[in-house]
Each structure stands twice: as structure tokens, then as C-alpha cells.
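Subject: Structure handover

Hello,

Here is the structure you are taking over. Please open it alongside this email, and the findings follow below.

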Amino acid sequence: MSGAESVPAAETYAGLGGWTPEALAVSGAVRAVLSAPHPVLSRAAGEVDPTAAETVQLAADLVATMRVSPGCVGLAAPQVGVGARVFAVDVTGHPKAVTVHGTFVLCNARVVEATRWRPGREGCMSVPDLTGDVKRASRLVVEGDLPGTGGPVRLVTDGFEARALQHEIDHCAGLLFLDRVAGAHAVYQRKVYL
């Protein structure tokens, strides 16, 4: 042992620190969103280098695609055919959102704390005709990396934003919300798709 004190991992993380999609410094292209049962949606995605040019471009593309998709509050790389652990979230203006971090993209995100589990209705652009009741943590701590800088992030959130993060992390693990419903009785035909 060197005798040097190590800094606990949690202390090296920060919130978004003012990060915005404009920090990517590239224009995003709108990509087609895949629908189930496309095979990429059921495969676990791989970790990425958050500073790599292709990761930065993917992050910009996810934000661009999300922004032109009415009602979309999150989009993961597998949904646009890329097996990478990258996703965008923005719950700004959603009536159920209390905690809002704005538009952000995370790479290699993982849940480090999940508490206060509650059921709630979810939909998905990759499952356009159905919604379902899914039990999720309503308080969440997530760690990941920012695209472009590679800076580590630790986000503490709750409610609807916590649900959106878990939904996108599931996409990166090869799971759809349908994999989380309690059974067929908890799946419904979507009445209106925004």
C-alpha cells in the first residue's frame, strides 16, 4: 500500500455541471426509430468511450431525434439500431415531472441506488401500439459519463424523471417495458400516440 488516502468514488462524481447538448459541438441527424421485435432491441448494448467521435455524434443524433418526436422524453441508442450504452432524456414540461435536469445524454449509465418503488403507466416509441403498468423506483441515483468530455456524473432524481432514466437504462440492457409488466393484464392498447 502506498499510504495515500483514496477518495471515495462518489466524491469524484458531479451533477451535469451545466452540460448541454450544445457542448457536443456537432449537429445531430434525425434517425429512424426501430420497433419491436427488431433484434437489436433485445440485446444488451456495449460500453462506449464517451470521448470518441462516433459516441459524440450518436449523442447529438439521439437528441435531434428525440426533439422531433412529439411526446418523447427519452431515447436510447438501441432504439436507433446502435448497440451502445448511450441515451438521451428530457422531461422538461412534462406534467408529471417534478425534478428536471433538462436535456442530457449519458454514456455507460448504471443505477447505484433505487428506492420508493411505485407502479406507473409507460409507453415507448419502439412499442408504438401498447402501454403498460411498470413498477419502478421513484427515487434514483444514477452514475455515468458525459459524451464529449467523458466527465463522470452522479444524478439524484425522483418521480417521472427517475422512471424515464430506468426505462432508457433498460433499453441499453436489451429490455423493453413489456419485459417489466406484471402480466398481460397490465398491458393496454394505446389510445393516442403523441
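The chain has 2 helices and 6 strands; both kinds of element are DSSP runs, with H or I over at least four residues for a helix and E over at least two for a strand, numbered from the N terminus. In sequence order the pattern is α-β-β-β-β-β-α-β. The radius of gyration is 17 Å and the globule rule gives 16 Å for 194 residues, so the chain is as compact as a globular protein of that length. That radius is taken over C-alpha atoms, and the globule rule is 2.2 Å times the number of residues to the power 0.38.

Two notes on how to read the values. This is a predicted model, in which local features need pLDDT of at least 70 and side-chain atom pairs count only at pLDDT 80 or more, while totals for chains, interfaces and linings use all residues. Residues are numbered from 1 along each chain as its sequence is written, and side-chain values use heavy atoms, with hydrogens and water left out.

The whole chain

Along the principal axes, the C-alpha atoms fill a box of roughly 60 × 40 × 30 Å. Of the 194 residues, 47% count as buried. Buried means under 20% relative accessible area, exposed means over 50%, and partly exposed is in between, with a 1.4 Å probe and protein chains only. The chain exposes about 9500 Å², of which carbon and sulfur atoms supply 55%; these areas come from the Shrake-Rupley method with a 1.4 Å probe, and for residues only the protein chains shown count as cover. Among contacts (heavy atoms within 4.5 Å) between residues at least 6 apart in sequence, 71% join residues at least 24 apart.

The nonpolar cores

A nonpolar core is a set of buried Ala, Val, Leu, Ile, Met, Phe, Trp, Tyr and Cys residues joined through side-chain atoms within 4.5 Å. The largest one has 42 residues, and those with the most contacts inside it are Val-86, Phe-87, Phe-104, Leu-106 and Leu-165. Two or more residues each come from helix H1 (53-67), strand S1 (74-76), strand S2 (86-89), strand S3 (104-124), S4, S5 and helix H2 (159-172). H1 gives the most to this core, with 7 residues. Apart from it lies another core, of 7 residues, including Val-127, Val-134, Leu-176 and Ala-186.

Leaving out residues up to four places away in sequence, Phe-87 touches several residues, among them Leu-62, Leu-75, Phe-104, Leu-106, Leu-165 and Cys-172.

Strands S4 and S5

How do the side chains of S5 point? In a regular strand the side chains alternate between the two faces of the sheet. Along S5 (residues 152-158), Val-153, Leu-155 and Thr-157 point to one face and are buried. Pro-152, Arg-154, Val-156 and Asp-158 point to the other face and are not buried.

S5 pairs with strand S4 (residues 127-145) in the antiparallel sense over 7 bridges; two strands pair if DSSP finds at least two bridges between them. Arg-154 in S5 stands opposite Glu-143. The two strands form a hairpin with 6 residues between them, and Gly-148 in the turn has a positive phi of about 95 degrees.

Cysteines and histidines

How many disulfides does the structure hold? There are 0, where a disulfide is a pair of cysteine sulfur atoms within 2.5 Å. The sulfur of Cys-107 is 9.3 Å from the closest cysteine sulfur, in Cys-172, which is too far for a bond. Cys-107 is buried at a relative accessible area of 0%, and Cys-172 is buried at 7%.

His-171 is found in helix H2 and counts as buried, at 1% relative accessibility. Beyond its neighbours within four places in sequence, His-171 is in contact with Ala-76, Pro-78, Gln-79, Cys-124 and Leu-176. His-101 is found in the loop between S2 and S3 and counts as partly exposed, at 29% relative accessibility. With the neighbours within four places set aside, the contacts of His-101 are Leu-16, Leu-155, Val-156, Thr-157 and Glu-161.

Backbone details

The peptide bond from Ala-36 to Pro-37 is cis, with omega near 15 degrees; Pro-37 is found in the segment before H1. In strand S3, Asn-108 has a positive phi near 55 degrees although this residue is not glycine. Arg-116, which also lies in S3, has a positive phi near 60 degrees.

Regards
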